[in-house]
Amino acid sequence: MITNYDKVRIGMAMSGWPFPGNNPSLLGDYVTEMEKLDIDSLWFTDRIVSETFTLETVVAMSFVAALTEKLKFGTSVIGLPLRNPTILAKEIATLDYLSNGRSLPAVGLGPETENDYEACGTDKKSRAGRTEEAVEIMRLLWSGNNVNYKGNHFTLSNVSIEPKPVQKDLPPIWFGGRSEPAINRTAKIGDGWLVSYATAEEVSVSIPKIKEKALAYGNHIEDDHYGALISFCFADTRKEGEKLAENYNVVRREDVDLKDVTAFGPPDILINLLDDFIKAGATKFTLRSACPPEITFDQMRLLGKHIVPRYHRG
């Protein structure tokens, strides 16, 4: 029986606009109450090209930073090859400075659709190389001045940015993805791994693999820098939870049992699933409420009542 949750942190993920109206004050009220409930962080899904109401992640994080004092905020995950790494490094460094070190950038290769890359002035075929170069450039700009860099995709000549991030070890760059290339990329250049909709069994296999590969690459990843995104919806029974979530669940996996990657029903279902992931080696969680907009706030409050105290007590 696991009783020590010292490194475990419960955050929330926000996909699209989960509120019953379009008033921006709803997000302000949401994050203000989230902080009062001792929820650790809020993570924004990134999508630039979309007909779905989706906030731009960096702007959204700046909004959160201005309204809160301790709530962390991150991207889950930002499409790095769609962005210029110098501009993004400046934006994240500025956010980190203004928020006193609360920014948590998690990155990925971006969406699978070609028109996203075309619209952002790049191409899909180069996304892996652009991502790896971008991570290197961002760290160089955060840690020093007069940076010179020559890659296959980016060139910097005597470039400096200020302010620098205030986090002592720079904002940690986490990677998402559960494919073999994603796991290899995390091990090679990542500071952490935040996987979406994987099973606890998959996590238990992948974490040792990442650690072994990271050692071979000479890259150190902290033991508590492994996390998972899980959808939840509280209800009196599992059947009721599944019914509430059926139009709001974004999990698109037919190769696993939905019960292994989501928690719909009473709080004990989520607790048991989280404990399975903790046994597998994960400690950081971004929980997404898959529910009708009218109960978004209620779901957060139930999370704050039944889940957060159990794991944040240390």
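**Figure 1. Salt bridge between Arg-185 and Glu-132 in the predicted model**. In this predicted model, the side chains of Arg-185 and Glu-132 form a salt bridge, with 4.0 Å between the closest N and O atoms. Arg-185 belongs to helix α6 (residues 180-189) and Glu-132 to helix α5 (residues 127-143), so the contact ties together parts of the chain that lie 53 residues apart in sequence. Arg-185 has a relative accessible area of 11% and is therefore buried, the limit for that class being under 20%. Glu-132, by contrast, counts as partly exposed because its relative accessibility is 27%. A search of the whole structure finds 20 salt bridges, and further examples are presented in the next two legends.

**Figure 2. Salt bridge between Arg-310 and Asp-275**. The closest N and O atoms of Arg-310 and Asp-275 are 3.0 Å apart in this salt bridge. Distant parts of the chain are linked by the pair: Arg-310 is located in helix α11 (residues 308-312) and Asp-275 in helix α9 (residues 267-280), 35 residues apart. Asp-275 is buried, its relative accessible area being 10%.

**Figure 3. Salt-bridge network of Glu-33, Asp-298 and Arg-301**. Salt bridges link Glu-33, Asp-298 and Arg-301 in a network. Within this network, Arg-301 pairs with Asp-298, and the closest N and O atoms are separated by 3.3 Å. Both residues are part of helix α10 (residues 296-306), where they lie three residues apart, about one turn of the helix. Arg-301 is partly exposed at 35% relative accessible area, and Asp-298 is likewise partly exposed at 37%. In general, side chains of opposite charge can pair when their charged atoms come close.

**Figure 4. Patch of negative charge on the surface**. Four residues, Glu-201, Asp-257, Asp-260 and Asp-276, gather on the surface in a patch of negative charge. One of them, Asp-260, is situated in the loop between α8 (238-245) and β12 (262-265). Asp-260 has a relative accessibility of 39% and so counts as partly exposed; this value also satisfies the requirement of over 30% relative accessible area for residues of a patch.

**Figure 5. Nonpolar patch on the surface**. Tyr-97, Leu-98 and Val-166 form a nonpolar patch on the surface, and together they present about 320 Å² of accessible area. Tyr-97 is found in helix α3, which covers residues 85-98. With a relative accessible area of 49%, Tyr-97 is classed as partly exposed, because the exposed class begins over 50%.

**Figure 6. Surroundings of Met-14 in strand β1**. Met-14 is part of strand β1 (residues 9-14). The residue is buried, with a relative accessible area of 3%. Leu-55 lies 41 residues from Met-14 along the chain, and 9.8 Å separates the C-alpha atoms of these two residues.

**Figure 7. The protein chain as context for the close-up views.** The protein chain contains 11 helices and 13 strands. Its radius of gyration is 19 Å, close to the 20 Å given by the globule rule for 314 residues, so the chain is as compact as a globular protein of that length. The C-alpha trace spans about 60 × 45 × 40 Å along its principal axes. Of the 314 residues in the protein chain, 52% count as buried; Arg-185, Asp-275 and Met-14 are among the buried residues described above.

Technical notes
Residues numbered from 1 in each chain as written. Predicted model: local features only at pLDDT ≥ 70, side-chain atom pairs only at ≥ 80, totals over all residues. Heavy atoms only, no water. Patch = residues over 30% accessible without salt bridge, like charges linked within 9 Å, V, L, I, M, F, W, Y side chains within 5 Å. Areas by Shrake-Rupley, 256 points an atom, 1.4 Å probe, with all protein chains shown as cover. Lys, Arg positive; Asp, Glu negative; His and termini not counted. Charge placed at Lys NZ, Arg CZ, Asp CG, Glu CD. Helix = DSSP H or I, 4+ residues; strand = E, 2+ residues; numbered from the N terminus. Buried < 20%, exposed > 50% of the residue type's maximum accessible area, 1.4 Å probe, protein only. Rg over C-alpha atoms; globule rule 2.2 N^0.38 Å.
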